[in-house]
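Me: I'm new to this structure and would like a close look at one small part of it. Could you pick a single side chain, walk me through what surrounds it, and then carry on to the strands and the cysteines?

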Amino acid sequence: MAFYRQVGSVPPKRHTQHRRPDGGLYSEELVGEEGFSSDSALLYHRGIPSAIVDARPWELPDQTLTPNAPLVPRHLKLHDLFPGEEHKGVDAVTGRRLVLGNADVRISYAVSSLASPYYRNAVGDECVYVERGTATVETVFGALEVGRGDYVVLPRATTHRWVPTGEEPLRTYAIEANSHVAPPKRYLSKYGQFLEHAPYCERDLRGPAEPLLAEGTDVEVHVKHRGNGPGGLTGTVHVVPEHPFDVVGWDGCLYPYAFNVADYEPITGRVHQPPPVHQVFEGGGFVICNFVPRKVDYHPLAVPVPYYHSNVDSDEVMFYVDGDYEARKGSGIGKGSISLHPGGHSHGPQPGAVERSLGADYFDELAVMVDTFRPLDLGEAGTAADDGRYAWTWSGRGPST
C-alpha cells in the first residue's frame, strides 16, 4: 500500500538512534515485502522483537481439501456451520472452518464471541470481510475498530488478535492468500496513488491512528507458517518474553487497514457491465470483487441480470451477504450462501430471472466474489455445507434414482 502513514514516536531520520526516556535505545525493526524491494514499514519496539523463550507445535484447524469431482456448481450454506449457541465457544482465528482452497488462497468462515489468541499469518496476507458484528482488531501497529461491511487487510506476519465487541456474534469471512493483497494495479498511478477512475481512494481507508501498548510477560503468539501439513501449512506457538504490543511508533507504507464496502462507488452503464468493474482487491492467483446496491443498466432494451457466461480461466465464488440477489432467485440461495461456479461450467441466471428483471432500475444486493485462476477444492466446511441440489436448478431435475 503506497499510502504513507506515520504513527507515534519515530526519529527524524530512519536507521538512526531513537532513545527511550531512560536513555536506552528502542529496537528498530524493518518489515518489508519482496526481499525489501517493495512496500515496508519501520517499527520502534521497547523490547527485542526477535526474542522468544519457548516454542511448541500448534495444531491448525482442519486444512484438508477434497477435489470438486465430479465437476459441478455448488451451493454452500455457511450459516449452517455454527448452529445455535456454538459461537460462544469460538474465536475468529482458531475457530475458522475451511470452506474452499487451492495453492493460492484459502476461504474460511467463523462465527465467534471469544477473543482470539495473538496470531500472525506468516504464509500471506489476510483479507477478512466482516459479515455481521463488531470487533477491535488489536495489532502491533495499533488498533482498528471494525464492523459490518468492513474488509480488514492484514499484511503477512502482522501480530494481531480479534476481540469481539457488542452483543451480536462476530461473523467473519476470511480470505487467506499465499501472497499479498492490494488494490488492483489499474486503479493506481505508477507511483501508487489512486486514480480518478478508481471506485475508492485513500480517504476511504482506515489505518491505526495511535500506538497500542500493552504489558505482559511470557505471552503466547500463534504462528501459521509454511510446512509439511495439509496445504503446505503448519503451526507453531511462540512464547515471547515481553508483550508483542510494544511499538511506540512506526512509519511507512505497509500496515493493516480497513475499508468499508459502503464506501465502494459502483461503476454502471447503459448495458450490463462485466465483472472486472466490481473489483476491489487482487492477490497472487485470485481477485476479490464486490457487488453493491446500485442503479442498473439504463438502455431501453437492457437486460439487468448477467448474461450466461463461462469464465474459462477461473473458478467463481460468490458470498451472498445481504439484499435480494435477482439472478439467483429460485435456486435456494439466500443470505449466508456461497455459490461455487467452477471453470468449465457456463453459469448465469436461474430460469425466469431474465424476464423478471426487465424494467428494473435498481438492485439492492450485496455480495463478495472471489475469482481464482486455479481450480478450488472443498474444505471440510465446504463439504458439510453443500446443499447437494444446486447443480440441477437450471434444468429442474437431477440424476435419476
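**One side chain and beyond**

Reply: Let's start with T139, whose side chain reaches the backbone oxygen of G142 at 2.7 Å. Keep in mind as you look around that this is a predicted model. The T139 side chain has another backbone partner too: one of its polar atoms sits 2.9 Å from the backbone nitrogen of F141. As for where T139 belongs, it is part of strand β10, which covers residues 134–139.

Is T139 buried or exposed? It's buried, because its relative accessibility is 0% and the cut-off for buried is under 20%. Leaving out residues up to four places away in sequence, T139 touches L154, T158, T159, H160, L212, F245 and P256.

One of those contacts, H160, gives us a handy way over to strand β13, which runs over residues 160–165. V163 lies in that strand. Again leaving out residues up to four places away in sequence, V163 touches A115, A135, T136 and E138. For a sense of scale, try V163 and A385: they are 222 residues apart in sequence, and their C-alpha atoms are 26 Å apart in space.

Now for some strand pairing. Strand β8 (residues 118–121) runs parallel to strand β16 (residues 217–226), and four bridges join the two. To find one of the matches, look at Y119, whose bridge partner in β16 is H222. β16 also pairs with strand β17 (residues 233–242), this time antiparallel and over nine bridges. Here R226 has L233 as its bridge partner in β17. The hairpin of β16 and β17 has six residues between the strands, and in it G231 takes a positive phi near 75 degrees.

Last stop, the cysteines. A disulfide is a covalent bond between the sulfur atoms of two cysteines. How many disulfides are there here? With a cut-off of 2.5 Å between the sulfurs, the count is zero. Take C253: it is in no disulfide, and the nearest cysteine sulfur, in C201, is 16 Å away. C253 counts as buried, since its relative accessibility is 18%.

Why does C289 go without a bond? Because its closest cysteine sulfur, the one in C127, is 12 Å away, and that is too far. C289 is buried as well, with a relative accessible area of 2%.

How values were computed
Residues numbered from 1 in each chain as written. Predicted model: local features only at pLDDT ≥ 70, side-chain atom pairs only at ≥ 80, totals over all residues. Heavy atoms only, no water. Buried < 20%, exposed > 50% of the residue type's maximum accessible area, 1.4 Å probe, protein only. Polar contact = N/O pair within 3.5 Å; in protein donor to acceptor, adjacent residues only side chain to side chain. Contact = heavy atoms within 4.5 Å. Pairing = 2+ DSSP bridges.
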